[in-house]
Amino acid sequence: MTESPAAAMSADPAPAPLPQIRHLATAIPGPRSQALHAERLAHVTDGFGVALPVFIDRADGGILQDVDGNRIIDFASGIAVTSIGASHRRVRERIAAQLGRFTHTCFMVTEYESFTQVAKWLNEHTPGDFEKRTALFSTGAEAVENAVKIARSATGREKVLVFDEAYHGRSLLTMAMTAKVNPYKLNFGPFPAEIVRATSANPLRSPAASQGPEAVAAAALAAVEAALAEHGAEEFAAMVIEPIQGEGGFVVPAPGFLAGLRRIADRHGIVLVVDEIQAGMGRTGTLFASEHEGIAGDITLSAKALADGVPLSAVTGRAELMNAVHSGGLGGTYAGNPLACEAALAVFEAFEDGSLLANARGIEAAARRILEPLVAETGVVAEFRGRGAMLALEFADPGTLAPRADIARDVSARCHAAGVLTLTCGTHGNIIRLLPPLVIGQELLEDGLQVLREAIAAVTAETEPAAAAAR
């Protein structure tokens, strides 16, 4: 990997590392955070929500330190962004060195080597034994939209197949592709046409769930074929799928579903776009989550953890597809900004020795040991699922599987008060998702998991006293 002389010579400007221990100096949020939040309300649109209204002063490893001195265990990673930590030394060094040279030229005006080096790495490491090309952008939604543009340009077709529980972004096209209405689509229509939605292979909630995962995959694939037949398979440019659905609930599709989509796409000449924006870059214990299923997309999308918090996204795909777009048809003023490219090159360095992927698998092992027994112990934890450091607990009534968003909300609130940052997700808001940074220490990880386990026990005892007594 090419490293600029300035990057090699730069000094680490960081202060001493933060103690990797949870610490409550005040209630959460503390007085300083409360004051800053009040100022925020006076100046920032109400359209921005917030999971935990604390203002962060520093971050390091698995700890977020707020302005009141509280050290909070980070089980969010900025929604799977800061996977190698929010202040990784090599990321800081490379960005600082680039900052000393220039911040921007626009790659469409004059070029710089780091853009090409990021593209080269992605071409070499993205799944698929074929010649590839890469385009860089700034956000995940941009990557999704440009993948659709590329597929349409290459095929001459218009329609796009997406899935139940999908999340692909907040731009107008990606809102149309996203399944969840509130808050992402509410009051923002009308949306672009030519988007068709098909059933996904949710092993817990499929009508075929009682028959086992093979039946779930078969039923979902049959529904895909039916949707294509209804709308004309020859009209579809692309089908876009998350290998593990993110905002939809961290749903791991039934085994065989992704491989079946690969076969269907091949049969009908449809471009298979694998959206690895949240699940990729080591999050699931492999560089890309699609590796677990042994499939490769014609186009693979990366973002979030790609540059460890600096805005960068990528569309990587078959050379003949990527080159089908006319010159000037792709781009963006900030696309592949040099600061972001340097950050990405530092991320690639961090993955070289394999330790981060091993850490992701270790995170899963610890979480399964501590949390998975809650499925049998509580009754309202319907499923513990996920891969690597992309894990979730779904809360639902036993028997009916009616979603229990109230339990997810209350458990998350207890965790926040105890100094553990958790996020909820899912179509019904009844899922707690865990996205710890891959660099989190074992003791800190287990402390946070125990806080979560105790919060679930406490909320369950309060809301389901009869069921708890029966157990």
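What surrounds helix α11 in this predicted model? Among the elements that cover its buried residues are α4 (89-101), α5 (113-125), β4 (132-137) and α12 (355-371). The helix is mostly covered, with twelve of its 13 residues buried. Those buried residues begin with Pro338, Leu339, Ala340, Cys341, Glu342 and Ala343, and continue with Ala344, Leu345, Ala346, Val347, Phe348 and Ala350.

The length of α11 can be checked as well. Helix α11 runs over residues 338-350, and at 1.5 Å a residue its 13 residues should span 18 Å; the end C-alpha atoms lie 19 Å apart, which agrees. At the start of the helix, a side-chain oxygen of asparagine 337 comes to within 2.8 Å of the backbone nitrogen of leucine 339.

Two of the elements just named, α5 and β4, return in the next feature. The second largest pocket has a volume of about 510 Å³. Its lining comprises 21 residues, and the closest to the pocket centre are Phe107, Phe115, Thr134, Ala135 and Leu330. The elements that contribute two or more residues to this lining are α5 and β4. Strand β4 gives the most, with five residues. By character, the lining divides into eleven nonpolar residues, nine polar and one charged.

I turn now to the backbone. Most residues other than glycine have a negative phi, and most peptide bonds are trans. Where does this model depart from that pattern? Cysteine 106 is not a glycine, yet has a positive phi of about 75 degrees. Cysteine 106 sits in the loop between α4 and α5, and counts as buried because its relative accessibility is 8%, against a cut-off of 20%. Leucine 401, also not a glycine, has a positive phi of about 60 degrees. Leucine 401 lies in the loop between β12 (390-395) and α14, and with a relative accessible area of 24% is partly exposed.

As for cis bonds, the peptide bond from isoleucine 28 to proline 29 is cis, with omega near 0 degrees. Proline 29 belongs to the loop between α1 (5-9) and α2 (31-43). Asparagine 182 and proline 183 are likewise joined by a cis peptide bond, with omega about 15 degrees. Proline 183 is in the loop between α7 (172-177) and β6 (195-198).

Finally, is serine 412 buried or exposed? Serine 412, in helix α14 (residues 405-417), is buried, with a relative accessible area of 5%. Leaving aside residues up to four places away in sequence, serine 412 touches Thr422, Leu423, Thr424 and Ile432. With threonine 422 there is a polar contact between the two side chains, at 2.8 Å.

Methods: Residues numbered from 1 in each chain as written. Predicted model: local features only at pLDDT ≥ 70, side-chain atom pairs only at ≥ 80, totals over all residues. Heavy atoms only, no water. Helix = DSSP H or I, 4+ residues; strand = E, 2+ residues; numbered from the N terminus. Expected span 1.5 Å × (residues − 1). Buried < 20%, exposed > 50% of the residue type's maximum accessible area, 1.4 Å probe, protein only. Contact = heavy atoms within 4.5 Å. Polar contact = N/O pair within 3.5 Å; in protein donor to acceptor, adjacent residues only side chain to side chain. 1 Å grid on protein atoms, 1.4 Å probe; cavity = no way out; pocket = protein on both sides within 12 Å on 5 of 7 lines; lining within 4 Å. Points joined across faces, edges and corners; volume = space filled by probe spheres on them. Nonpolar A, V, L, I, M, F, W, Y, C, P; charged D, E, K, R; others polar.
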